Amino acid sequence: MMVDSMDAARIIAYFKGKSILITGSTGFLGKILVEKILRVQPDVNKIYLLVRGIDAPSAKQRVQQEVIGTELFGLLREKHGKGFQQFVDDKVVALAGDIVHENLGLEAPMLDKLAKEMDVIVNIAATTNFYERYDVSLDVNVMGVKHLCHFAKQCDNLKMLMHVSTAYVSGDREGLILEKPIKPGESLREGLYLDVDAELRLVRDVKKELKLNAGDDANKMERKAMKELGLQRARHFGWSNTYVYTKAMGEMLLGQLRGDMPVVIMRPSIITSVRADPVPGWMQGTRTIDTIIIGYAKQNLSCFLADLDLVMDVIPGDMVVNAMMAAMVAHSGERGGGAPPSVYHATSSLRNPATYHVLHDSGWRHFSEHPRVGKNGEVIPTTDMYFFSTIARFHLYMVLTYKLPLEILRLVNLLLCGVFSRLYNDLDRKYKFVMHLVDVYGPFAFFKGCFDDMNLERLRLMMAMKSPEDQMFNFDPKTIDWNDYFYKIHIPGVLKYLCK
């Protein structure tokens with residue numbers, strides 16, 4: 001039974017004395033969640049972070065360097081002063097393991113200890129590469145969910161399994177996209193049934209066949225074949241890339257394995273820099289939209305693939321974490337009873353849409369008012385970039401500007417007995433790489449869907465926003481002034497954290 005009202009005090013109190021397992025804590029969203037829980041609820045029992053490492057000391061070192069040691073934890077460091085490290089040592093436990101392994105790669109005694117203790121599991125671990133190897137994507141985004149579910153079922157006191165997916169599991173649809181769970185076998189192509197076990201068998205068979213016919217460069221061949229297979233299977237079932245396709249399969253598996261467990265699926269859209277706390281503008285990892293800002297900053301990008309009138313669905317990372325924490329509390333202890341899991345879209349396109357124009361204009365304004373300075377102190381003039389509003393226009397531009405000169409170079413090279421072979425091969429490889437990127441990212445750049453967030457709106461309406469403390473858990477996109485956010489927070493954040 002979902003709670004009927006909520007405020008900051010209730011969310012903070014919920015995490016008191018809780019033992020929480022978080023996967024993907026070295027990623028952007030994972031770090032924000034770890035910091036937020038430690039900051040708002042110092043009386044949390046333990047936060048267990050599952051990270052890759054050969055042993056416990058190496059896992060601890062990773063957590064120290066990649067999570068606790070980041071600027072994001074500055075406010076917490078300031079709050080605890082000299083006692084900060086002791087506080088972290090008391091509360092944070094690094095576990096050397098990986099969701100790709102059965103039993104999460106943990107030894108039986110540790111697994112039993114965790115199962116007895118665990119209250120909340122948060123799965124953020126994922127491979128987000130659009131063109132990832134199919135076997136790797138299946139291991140992390142699909143089998144990882146299975147292994148985590150098997151562990152969760154051993155936890156007698158489990159009150160919540162929060163799974164972070166992506167809003168783009170919907171595929172390249174137009175119109176309003178509802179917060180609906182994915183049914184077993186559901187495919188985006190009519191008449192096709194998506195069988196997860198069959199896909200796992202296919203990967204095993206293809207790898208076996210590759211090994212039988214392996215030549216000198218077996219690893220390179222397997223890597224290329226697995227990447228191409230992922231894209232091929234994704235498109236066969238109607239998804240545009242391997243990432244969103246395998247995330248959809250992960251959700252499907254979670255729905256099947258849920259049983260009676262309390263499960264919530266959070267689907268954010270494009271997650272951008274921290275808006276409010278603890279460090280406005282803080283971010284990690286380049287998003288597709290940030291290419292525009294980096295292009296302006298370095299003045300090395302003359303054109304970009306985007307229709308400036310289209311909505312780019314973006315949501316700040318701290319708002320996603322706030323929504324996650326509120327949803328965990330709202331559905332804590334809610335038994336499945338055969339019902340599908342609750343799904344939330346942490347998105348902005350319905351309530352407060354921002355077009356690519358907003359990002360472009362904010363970028364132009366920022367770099368016109370704060371021009372970049374070169375190594376020798378000279379001001380780098382800001383020149384506008386050209387935006388291709390369709391893939392067809394971009395293809396035509398590439399053919400006329402690069403492909404035709406390449407063909408001429410190829411003919412000259414033949415006439416001169418291969419004098420320009422190295423130059424031609426290098427340019428041809430770069431041309432093919434750009435066209436491949438457009439093929440993979442193009443559908444994403446021209447996405448025309450609008451994410452319904454009625455479920456999240458209901459959760460927002462339950463939230464009392466009466467005190468400054470309540471504002472700490474704000475996840476309402478209507479409160480964002482996008483021009484102000486991009487100009488004052490996000491763009492300076494990109495320049496500080498990504499343009500080093």
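Here is a chat about how some of the labels on this predicted model are earned.

Me: Before we start, what are the ground rules here?
Reply: It's a predicted model, so local features need pLDDT of at least 70 and side-chain atom pairs count only at pLDDT 80 or more, while totals for chains, interfaces and linings use all residues. Residues are numbered from 1 along each chain as its sequence is written, and side-chain values use heavy atoms, with hydrogens and water left out.

Me: What makes strands 5 and 7 a pair?
Reply: Strands are DSSP runs of E with at least two residues, helices are runs of H or I with at least four, and both are numbered from the N terminus. Two strands pair if DSSP finds at least two bridges between them. Strand 5 (residues 160–164) and strand 7 (residues 263–268) have 4 bridges, in the parallel sense, so they count as a pair. Across that pairing, M162 sits opposite V264 and H163 faces I265.

Me: And what joins strand 4 to strand 5?
Reply: Again 4 bridges, with the two strands running parallel. V120 stands opposite M160 of strand 5. To get from strand 4 to strand 5 the chain goes through helix 7 (residues 134–152), and this β-α-β crossover is right-handed. That word applies if, with the strands pointing away from the viewer, the path from the first strand over the helix to the second runs clockwise.

Me: Why is the sheet called open, and which strands stand at its edges?
Reply: The 7 strands come in the order 3-2-1-4-5-7-11, with parallel pairing. Strand 3 (92–96) and strand 11 (342–346) are at the edges with a single partner strand each, so one side of each has no neighbour in the sheet. On average, neighbouring strands are turned by 20° against each other, direction ignored.

Me: How do you know that helix 12 packs on the sheet?
Reply: Contact means heavy atoms within 4.5 Å, and helix 12 (residues 317–331) touches strand 4 (120–123), strand 5, strand 7 and strand 11. Its direction makes about 150° with that of strand 5. Axes here are lines fitted to C-alpha atoms, for helices over the stretch in contact, and angles run from 0 to 180 degrees between N-to-C directions.

Me: Why is V263 called buried?
Reply: Buried means under 20% relative accessible area, exposed means over 50%, and partly exposed is in between (1.4 Å probe, protein chains only). V263 has 1%, so it is buried. The residue belongs to strand 7. Leaving aside neighbours within four places in sequence, V263 is in contact with L161, L254, R258, P341 and S342.

Me: What about R233: how do you know that it is buried?
Reply: Its relative accessibility is 16%, so R233 counts as buried. R233 is in helix 9 (residues 218–236). Beyond neighbours within four places in sequence, R233 touches Y134, E199, L202 and Y245.

Me: What makes strand 5 mostly covered?
Reply: 5 of its 5 residues are buried. M160, M162 and V164 are on one side, L161 and H163 on the other, and both faces are covered.

Me: Which residues of helix 16 are buried, and what covers them?
Reply: In helix 16 (residues 454–462) they are L456, E457, L459, R460 and M462. The cover includes helix 12 and strand 11.

Me: What makes N103 and L104 stand out?
Reply: Most residues other than glycine have a negative phi, and most peptide bonds are trans. N103 has a positive phi of about 60° without being a glycine, and L104 also has a positive phi of about 60° without being one. N103 lies in the loop between strand 3 and helix 6 (108–117), and L104 is found in the loop between strand 3 and helix 6 too. N103 is at 41% relative accessible area, so it is partly exposed, whereas L104 is at 1% and counts as buried.

Me: Where is the cis peptide bond?
Reply: From D277 to P278, with omega near 5°. P278 is in the loop between strand 8 (270–272) and helix 11 (290–298).
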